[in-house]
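User: Please take a close look at the sheet in this model, and at the side-chain contacts that accompany its strands. A single connected account would be preferred.

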Amino acid sequence: MESTRLDRWLWSVRLTKTRSDAAAACRGGHVRVNDKPAKPATPVKVGDHIRARVNDRTRIVEVVQVIEKRVGAPVAEQCYVDNTPIAPPSESVPVAYRDRGAGRPTKRDRRVLDEWRRGLSPP
């Protein structure tokens, strides 16, 4: 087999959970093949570069093997080379914490909390 549909390939190598999710991503303009917008029926061949925005993450892969049927995860990983850049570490946002059973915040507690949310340091 030398080519297959894009939505079928995305689903079979487990980049999307369902084939309809892959088709919806294509129709929404979230998938590009060789830097061109792609429809679900776009043929995929060995050597194609696919950029897909799936689950709020952009994946950049190169097709190594064309398959049509869904296979196990270890086999699916051998069908593409993942060229996705490593995401920078996210800045963790501190979470406001109150002891359980401390009751409702007082007016002063509320003001401190509001200042903290705006980025000001508490008094």
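Analyst: The account below begins with the sheet and then turns to the side chains.

The model is predicted, so local features need pLDDT of at least 70 and side-chain atom pairs count only at pLDDT 80 or more, while totals for chains, interfaces and linings use all residues. Residues are numbered from 1 along each chain as its sequence is written, and side-chain values use heavy atoms, with hydrogens and water left out.

The sheet is open and contains five strands in the order β3-β2-β5-β6-β7, with antiparallel pairing. Strands here are DSSP runs of E with at least two residues, helices are runs of H or I with at least four, and both are numbered from the N terminus. Two strands are taken to pair if DSSP finds at least two bridges between them. At the edges stand β3 (36–37) and β7 (80–82), each of which pairs on one side only.

Within this sheet, β5 (residues 49–54) and β6 (residues 57–63) run antiparallel and are joined by six bridges. Histidine 49 stands opposite glutamate 62 in β6, and valine 54 faces arginine 57 of that strand. The hairpin of β5 and β6 has two residues between the strands, and asparagine 55 there adopts a positive phi near 55°.

On to the edge strand β7: three bridges join β6 to β7, and these two strands also run antiparallel. Here valine 63 stands opposite tyrosine 80 in β7.

Tyrosine 80 also takes part in the one aromatic pair of the structure. Rings of Phe, Tyr and Trp (its six-membered ring) pair if their centres lie within 6.5 Å; planes under 30 degrees apart count as stacked, over 60 as edge-to-face and the rest as tilted. The partner is tryptophan 9: the ring centres are 6.4 Å apart and the planes lie at 75°, so the pair is edge-to-face. The contact links distant parts of the chain, since tryptophan 9 belongs to helix α1 (residues 6–12) and tyrosine 80 to strand β7, 71 residues apart. Both tryptophan 9 and tyrosine 80 are buried, where buried means under 20% relative accessible area, exposed over 50%, and partly exposed in between (1.4 Å probe, protein chains only).

A salt bridge is also found between β6 and β7. The term denotes a side-chain nitrogen of Lys or Arg within 4 Å of a carboxyl oxygen of Asp or Glu, and the count comes to four. Arginine 59 bridges to aspartate 82, with the closest N and O atoms 3.0 Å apart. Because arginine 59 lies in β6 and aspartate 82 in β7, the pair ties together parts that are 23 residues apart in sequence. Arginine 59 is buried at a relative accessible area of 16%, whereas aspartate 82 is partly exposed at 37%.

Helix α1 provides a further contact of this kind. Arginine 8 forms a salt bridge with glutamate 68, the closest N and O atoms being 3.3 Å apart. Arginine 8 lies in helix α1 and glutamate 68 in the loop between β6 and α3 (73–77), 60 residues apart, so this pair too links distant parts of the chain. Relative accessible areas of 25% for arginine 8 and 30% for glutamate 68 place both residues in the partly exposed class.

Finally, Arg5, Asp7 and Arg19 are linked in a network of salt bridges. Within it, the side chains of arginine 5 and aspartate 7 meet at 3.1 Å, N to O. Arginine 5 is partly exposed at 34% relative accessibility, while aspartate 7 is buried at 3%.
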